[in-house]
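User: I am new to this structure. Can you show me how to read it, feature by feature?

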Amino acid sequence: MNVVFAVKQYISKMIEDSGPGMKVLLMDKETTGIVSMVYTQSEILQKEVYLFERIDSQNREIMKHLKAICFLRPTKVLHKLSFHLPRQMQNTLI
């Protein structure tokens, strides 16, 4: 099996399941590298993902008009950061 194809399909499924509309892809250090290896920016823009944000960034604006897609690895750091996410996002993390 082609690993790049499998990862691309997985990310595509996450994006499709979020429905239509503008989206932000919220990632951590590891998943940022994964996404950049399988998608070009123009490819992912065609899927209505207009913003790419790291979960550990300090300067995050509230953008209620964007749907958040969280592509994160389960780590202790993520667990600590999840307490700072809005309640609506905590309920949808898988």
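**Reading the fold**

Analyst: Start with one residue in this predicted model. F71 has 10% relative accessibility, so F71 counts as buried; the cut-off for buried is under 20%.

User: Which rings form the aromatic pair?

Analyst: Look at ring centres and ring planes. The structure holds one aromatic pair. The rings are those of Y10 and F71, with centres 6.0 Å apart. Their planes stand at 50 degrees, so the pair is tilted. Y10 sits in helix 1 and F71 in strand 3. The two are 61 residues apart, so the pair links distant parts of the chain.

User: What is the strand order in the sheet?

Analyst: Read across the strands. The order is 2-1-3, in an open sheet of three strands with parallel pairing. Strand 2 (49–54) and strand 3 (67–71) are at the edges. Each has a single partner strand, so one side of each lacks a neighbour in the sheet. On average, neighbouring strands are turned by 25 degrees against each other, direction ignored.

User: How many bridges join strand 1 to strand 2?

Analyst: Five bridges join strand 1 (residues 23–27) to strand 2, and the two run parallel. For L26, the bridge partner in strand 2 is E53.

User: Which strands does helix 1 touch?

Analyst: Helix 1 (residues 3–17) packs on the sheet and touches strand 1, strand 2 and strand 3. Its direction makes about 155 degrees with that of strand 3. Helix 2 (residues 29–38) lies across strand 1, strand 2 and strand 3. Helix 2 runs at about 125 degrees to strand 1.

User: Where does K8 lie?

Analyst: K8 lies over the face of Y39, at 5.1 Å from the ring centre.

Conventions:
Residues are numbered from 1 along each chain as its sequence is written. This is a predicted model: local features need pLDDT of at least 70, side-chain atom pairs count only at pLDDT 80 or more; totals for chains, interfaces and linings use all residues. Side-chain values use heavy atoms; hydrogens and water are left out. Two strands pair if DSSP finds at least two bridges between them. Helices (H or I, at least four residues) and strands (E, at least two) are DSSP runs, numbered from the N terminus. Axes are lines fitted to C-alpha atoms, for helices over the stretch in contact, and angles run from 0 to 180 degrees between N-to-C directions. Contact means heavy atoms within 4.5 Å. Rings of Phe, Tyr and Trp (its six-membered ring) pair if their centres lie within 6.5 Å; planes under 30 degrees apart count as stacked, over 60 as edge-to-face and the rest as tilted. Buried means under 20% relative accessible area, exposed over 50%, partly exposed in between (1.4 Å probe, protein chains only). A charge sits over a ring if NZ of Lys or CZ of Arg is within 6 Å of the ring centre and within 35 degrees of the ring normal.
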